[in-house]
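Welcome! Let us take a short tour of this protein, beginning with its surface and ending at one of its helices.

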Amino acid sequence: MRELFDEVAGKSPIDPEEAVRRTTRGPQRKRFYKNAGVADAPGGFAITLDERPIHTPSGRPVVVPTREIADAIAAEWNAQQEIIDPLTMPLTRFANSVVDAVVDRVEAVTDDVAKYLGSDLLFYRASHPEALVAREAAHWDPVVFWAADTLGAHFILAEGIVHVRQPDSAISAARAALPADPWSIAALHVVTTLTGSALLALALLRGLLDQDQVWAAAHVDEDWNIEKWGVDEEVAARRAARLIDFKAAADILKSLNQ
């Protein structure tokens with residue numbers, strides 16, 4: 001399977017949007033197996049194709065931490081038709097990325113998530129109209145207040161898009177809440193990059209918001225514009241593609257934190 005998913009494991013392998021772009025340029029391959037399954041493996045569970053374990057593009061065995069995740073990945077393989085379509089396999093792409101690119105550099109991925117804490121989506125508010133201001137506050141304030149009360153991370157809010165330097169103490173406090181295991185931090189990274197908010201990702205991780213609430217909060221401004229001006233089909237298609245990877249990452253977090 002190396003050639004099929006090689007395009008997914010480029011220089012930024014846990015960036016879901018870049019992974020999708022690379023995958024669409026990759027070769028198509030016919031389904032060559034009858035059944036996908038799950039088997040016990042050292043450290044977790046392996047996904048098998050006709051009882052042979054799958055490997056990442058670099059040749060590493062794919063071992064996942066929970067049976068639930070393994071079953072979901074196997075289901076992606078079983079759902080493939082005559083041609084294997086990696087775009088319909090977000091969990092498989094995610095697993096490849098974790099094993100190939102996150103396991104050995106958890107700290108670097110954590111640092112990348114933490115960068116968002118300096119310019120998080122939730123910090124920059126509209127100044128008008130009043131209805132949009134109120135909608136942003138309704139979706140975003142509970143998360144900002146939770147970060148202050150629960151994490152001890154007191155951030156500064158601003159109007160407009162002019163950058164505001166956040167207190168180092170706030171960034172450090174929120175960063176300390178980031179998970180240390182590769183699967184969780186990789187999933188958190190996907191949620192963060194797709195929403196533009198590490199705080200929303202943390203709220204999802206800690207159960208403050210569910211995935212539907214996080215997705216809605218991440219698209220307050222976009223949804224407002226849609227209500228006023230209508231749907232742009234190209235933008236809607238990109239959003240639908242992002243949602244697939246968002247849901248996969250959210251499901252990973254849910255499975256790991258049950």
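The accessible surface of the protein comes to about 12700 Å², and 52% of that area belongs to carbon and sulfur atoms. What you see is a predicted model, with an average pLDDT of 91 and 90% of the residues scoring at least 70. One stretch calls for care: over residues 1–13 pLDDT stays under 50, although the model has 40 contacts beyond four places in sequence for them. Where pLDDT is low, the predicted coordinates should not be read in detail.

Now for the overall build. The protein has twelve helices and eight strands. Of its 258 residues, 48% count as buried. Among contacts between residues at least 6 apart in sequence, 64% join residues at least 24 apart.

Moving inside, the largest nonpolar core has 74 residues. Ile47, Val64, Trp77, Trp183, Leu188 and Leu202 are those with the most contacts inside this core. Leaving aside neighbours within four places in sequence, Val64 is in contact with Gly43, Gly44, Phe45, Ile47, Ile69, Ala70, Ile73 and Trp183.

Two residues in this part of the model are worth a visit. Here is where they sit:

| Residue | Location | Relative accessibility |
|---|---|---|
| Phenylalanine 45 | strand E3 (residues 44–49) | 18% |
| Threonine 66 | loop between strand E5 (63–64) and helix H3 (67–78) | 16% |

Phenylalanine 45 counts as buried because its 18% relative accessibility is under the 20% cut-off. Its C-alpha lies 5.3 Å from that of valine 63, though the two residues are 18 apart in sequence. Beyond four places in sequence, phenylalanine 45 touches ten residues by name: Val38, Ala39, Asp40, Val62, Val63, Val64, Pro65, Thr66, Arg67 and Ala70.

Threonine 66, at 16%, counts as buried too. The side chain of threonine 66 reaches the backbone nitrogen of isoleucine 69 at 3.1 Å. Not counting residues up to four places away in sequence, threonine 66 touches Phe45, Ser255 and Leu256.

Those last contacts lead us to helix H12, which covers residues 233–256. How far apart are the end C-alpha atoms of H12? They are 35 Å apart, which agrees with the 34 Å that 24 residues should span at 1.5 Å a residue. At the N-terminal end of H12, aspartate 232 acts as a cap, with a side-chain oxygen 2.9 Å from the backbone nitrogen of glutamate 234. The buried residues of H12 include Arg239, Arg242, Asp245, Phe246, Ile252, Leu253 and Ser255.

Definitions and conventions: Residues are numbered from 1 along each chain as its sequence is written. This is a predicted model: local features need pLDDT of at least 70, side-chain atom pairs count only at pLDDT 80 or more; totals for chains, interfaces and linings use all residues. Side-chain values use heavy atoms; hydrogens and water are left out. Helices (H or I, at least four residues) and strands (E, at least two) are DSSP runs, numbered from the N terminus. The expected span of a helix is 1.5 Å times one less than its number of residues. Buried means under 20% relative accessible area, exposed over 50%, partly exposed in between (1.4 Å probe, protein chains only). A polar contact is a pair of N or O atoms within 3.5 Å; within protein, one must be able to donate a hydrogen and the other to accept it, and residues adjacent in sequence count only if both atoms are side-chain atoms. A nonpolar core is a set of buried Ala, Val, Leu, Ile, Met, Phe, Trp, Tyr and Cys residues joined through side-chain atoms within 4.5 Å. Contact means heavy atoms within 4.5 Å. pLDDT is the predictor's confidence in each residue, from 0 to 100. Accessible areas come from the Shrake-Rupley method with a 1.4 Å probe; for residues, only the protein chains shown count as cover.
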